[in-house]
Amino acid sequence: MVGNPNCGKTTLFNALTGLRQKVGNYPGVTVEKKIGECYSQHGRPMKIIDLPGAYSLAARSPDEAVLRDVLFGRREDTPQPDRVICVLDATNLERNLYLVHQILDLGRPVILVLNMMDLAVKAGLRIDTHQLAAALGVVVIACAAVKGEGLVELKLAMSRSDLPLARHRWDVPAPIAPAVAELQASLSDADAQSPLIARAEALLLLTDFESVRIAGSKPLSARTAAVLAAWQQRCAREESNWSGTLIRSRYDAINTLCREVLRRPRPPELSGSDRLDAVLVHSIWGWLFFGFVMAALFFSIFSLAEYPMNWIDAHIAALSRGVKNILPPGDLRDLLTDGVIGGVGGIVVFLPQILILFFFVGLLESTGYMARAAFLMDRPMSKVGLHGKSFIPLLGSYACAIPGIMATRTIENAKDRLVTILIAPLMSCSARLPVYLLMIATLLPAAALPATWKAGLMLLMYLLGTLGAFGFAWLFKRTLFKSARPLMIMELPAYQPPRLKEILRQMVERSWLFLKNAGTIILGISIVLWFLTTYPKHPDPKASAEAQIAVSFAGQAGHLLEPVIKPLGFDWRIGIGLVTSFAAREVFVSSMSVIFGVQDNGEDTLPVRDALRAARWPNGASLFTPLVCITLMVYYVFAMQCMSTIAVVKRETNSWRWPLFQIAYMTGTAWLVCFAIYQIGRALDY
Amino acid sequence: MINGDDGFAQRLREMGFGEAALVTKISGRTTSLCQVNGTRIALNHNAAMAILVEALPAGVR
Ligand SMILES: Nc1nc2c(ncn2[C@@H]2O[C@H](COP(=O)(O)OP(=O)(O)O)[C@@H](O)[C@H]2O)c(=O)[nH]1
């Protein structure tokens, strides 16, 4: 199944296959491989591969390269497709037919699906599907995937064993023909491609610029590569524009076809989306609306989420108490309550915030506003050398850097994508929240100060992270990843009413992923941490919790670390927190409560706060002075403290080099900034 | 007319933003939003600078 981005391919794929889907990766590249199953009219199972959306087979991103290589039969991990379902957005037939035109060249059986027919009808477009089918010699099906219209006809067509082969009345433009003929011959002989596919591939190779090559695809044979290079040189020498000629020739054919099959109301007018855009991307009104959306987003994350979070917190505490009542005191009980329930529970509390963020992101995406936000942000982003498309991953990173980093896949330029990945974890994610909250609570005595102070301090941390991200983007684009100013072309999809079902489906999917993480990685770390703070045992079994930790493995490690972090005002106990929270930032809070021997009564963070305030250096000086609290917050703004992010960066960049670089530059910056803050603060007598 | 980076020019043309295309500018100063063939395409400043458009004579639409 292939089609342009936003043609409704995913919707159609979901409608056809329901839950019988498998999502994986194409080996060697970070492109999602979606395979679904449905049944033919005769009950035979059929496998559908949902290929990445693309405008053309001339690939400009790994996604498009996968599409090209699967269709050319160049991927060993994917069988040759025996039929191609081309999904088209019927409201924009010309542009969508371009990819179809390339695919018809392949000579594989094709089914054309004219999706979004409901919108086309509303816009007054009349498409003669019979004539289109007759002209191209393929099966054409009108469909509205969201309403389930046309699905039965599509399944019927898919079940046919006698799908006609396309009659493709189109001649290779004369200037390219000799080159195509020679390259086609070489591709048939040396690369064992069938004649039609060889011709299609020859056309593509001859008119390609710097097309993307990906791992896992069969490369060209040496002979073909030599033929290709010779013709390319000749083309360059004669300064011919084969690509332009070919594209024009295809569009000429498409326009002729459209004149036959498409009737549009005269005169073409600006659509509703265009009129909405005149306001929503306006240089004043657009920004106002954008500001309003962002304010609503942050308000919901920070204030609305509090209610479900308190509820979850209370239930986790109740569970922990329940276990304490049932089991006799001992290591097993402590492991379960302090290690497992405390550790995993500490993460699950963030679920509401993450759900709210995903809900907003889903809402913005499904209405089509996200692309507008990227459009507006293009100008500020260009100041640091990135373009608007980098905004979407960065916004997502406020919830969690992991979906954010995965969203960078839409950025075609490899350098821009890498810079976006490198800076994404600087956006304050929701895992930093508990650290900020604890430090603010320790810093500012309860009710004495108005809530705005706390909110202000919190906002300051978010701002600091965001500024840091932009600053580093600027720096990287000037040093490591120098490249020409990025060129951005982005299609803005038509506005749509939000589709709540689809959004909910995504929220469930993503939060399940999050919970799975909590259930595996975080669970493991919590158990390990509990072990490291419990063993070896203090010789005196009645020793205080604090004394026990001092002799434990974790305590020993903290002592080792102390000389490095003392200049930042941190002692060995904070050091343990820094080390354990390398797994995930929020672990810092649970570590503090374990280390400072807090009796968690499960109500709120009050007791931890009091314990921290009472903590002293050996010489009796207070440990958590306001200056140290602020320094610690700033440390978490910058430091790379998240194993899952490191794993994802490794996967997305296919090397250890970038995650290691990320740890070094982020944690290095954290140390330097904290050193400056603490030392200057001390000098000023804070 | 389209100038500059070959791969970029190819993609623009493939998206229907070719030499024969009728372009309507909807919004934007540095980053612009254009309507081509019924789709909205956003171009950043650098991309827009690579494209030369001709104004249609008044009255023709
Ligand atoms: N009105 C209408 N909207 C549709 C139809 N098919 C898909 N959509 C919407 O178009 C948008 C893009 O669809 P999606 O499946 O994500 O497109 P993809 O990028 O091709 O996978 C979504 O908001 C869909 O709800 C349709 O037949 N009619």
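Buried residues account for 53% of the 686 residues in chain A, and because the model is predicted, everything on this tour is a computed feature of that prediction.

Begin with the whole of chain A selected and shown as a cartoon, where 30 helices and 10 strands can be traced. The C-alpha atoms, taken along the principal axes, fill a box of roughly 90 × 50 × 50 Å. If contacts are drawn between residues at least 6 apart in sequence, 72% of those in chain A join residues at least 24 apart. Switching to a surface view, the accessible surface of chain A comes to about 30400 Å², and carbon and sulfur atoms own 64% of that area. Colouring by charge brings up 67 positive and 54 negative charges in chain A, whose mean positions lie 1 Å apart.

Stay with the surface and select A:Val279, A:Ile284, A:Trp285 and A:Leu288, which together make a nonpolar patch of about 430 Å². Within that selection, A:Ile284 sits in the loop that runs between α11 (272-280) and α12 (285-304) of chain A.

Next, bring chain B into view and select A:Arg379, A:Lys383, B:Lys25 and B:Arg29, the residues that form a positive surface patch. A:Arg379 belongs to helix α16 of chain A, which covers residues 369-382. Is A:Arg379 buried, partly exposed or exposed? Its relative accessibility is 44%, so A:Arg379 counts as partly exposed.

Now turn to the interior, starting with A:Gln102 in helix α3 (residues 93-104) of chain A. This residue counts as buried because its relative accessibility is 5%, a value under the 20% limit. Displaying its surroundings, and leaving out residues up to four places away in sequence, one finds A:Gln102 touching A:Ser56, A:Leu57, A:Ala58, A:Leu204 and A:Arg250, together with B:Glu14 from chain B.

A second buried site is reached by selecting A:Asp416, found in helix α19 (residues 414-423) of chain A. With a relative accessible area of 1%, A:Asp416 is buried. Which residues is A:Asp416 in contact with, once its neighbours within four places in sequence are left aside? The contacts of A:Asp416 are with A:Gly385, A:Leu386 and A:His387, with A:Ile411, and with A:Lys477, A:Ser483 and A:Pro486.

The remaining stops concern the backbone, so a stick display of the main chain is convenient. Select A:Asn6, which has a positive phi of about 70° although it is not a glycine. A:Asn6 lies in the loop between β1 (2-3) and α1 (9-17) of chain A, and its relative accessible area of 45% makes it partly exposed.

Move from there to A:Met116, another non-glycine residue with a positive phi, here near 60°. The loop that holds A:Met116 runs between β6 (110-115) and α4 (117-122) of chain A. A:Met116 has a relative accessible area of 13% and is therefore buried, whereas A:Asn6 at 45% is partly exposed.

For the final stop, select A:Tyr535 together with A:Pro536 and inspect the peptide bond that joins them. Is that bond, from A:Tyr535 to A:Pro536, cis or trans? The peptide bond is cis, with omega near -10°, and A:Pro536 is placed in the loop between α22 (500-534) and α23 (545-551) of chain A.

Key: Residues are numbered from 1 along each chain as its sequence is written. Chains are lettered from A and ligands numbered from 1 in the order in which they are written. This is a predicted model: local features need pLDDT of at least 70, side-chain atom pairs count only at pLDDT 80 or more; totals for chains, interfaces and linings use all residues. Side-chain values use heavy atoms; hydrogens and water are left out. Patches are made of residues with over 30% relative accessible area and no salt bridge: like charges are joined within 9 Å, nonpolar side chains (Val, Leu, Ile, Met, Phe, Trp, Tyr) within 5 Å. Accessible areas come from the Shrake-Rupley method with a 1.4 Å probe; for residues, only the protein chains shown count as cover. A salt bridge is a side-chain nitrogen of Lys or Arg within 4 Å of a carboxyl oxygen of Asp or Glu. Lys and Arg count as positive and Asp and Glu as negative; His and the chain ends are not counted. The place of a charge is taken as NZ of Lys, CZ of Arg, CG of Asp or CD of Glu. Helices (H or I, at least four residues) and strands (E, at least two) are DSSP runs, numbered from the N terminus. Buried means under 20% relative accessible area, exposed over 50%, partly exposed in between (1.4 Å probe, protein chains only). Contact means heavy atoms within 4.5 Å.
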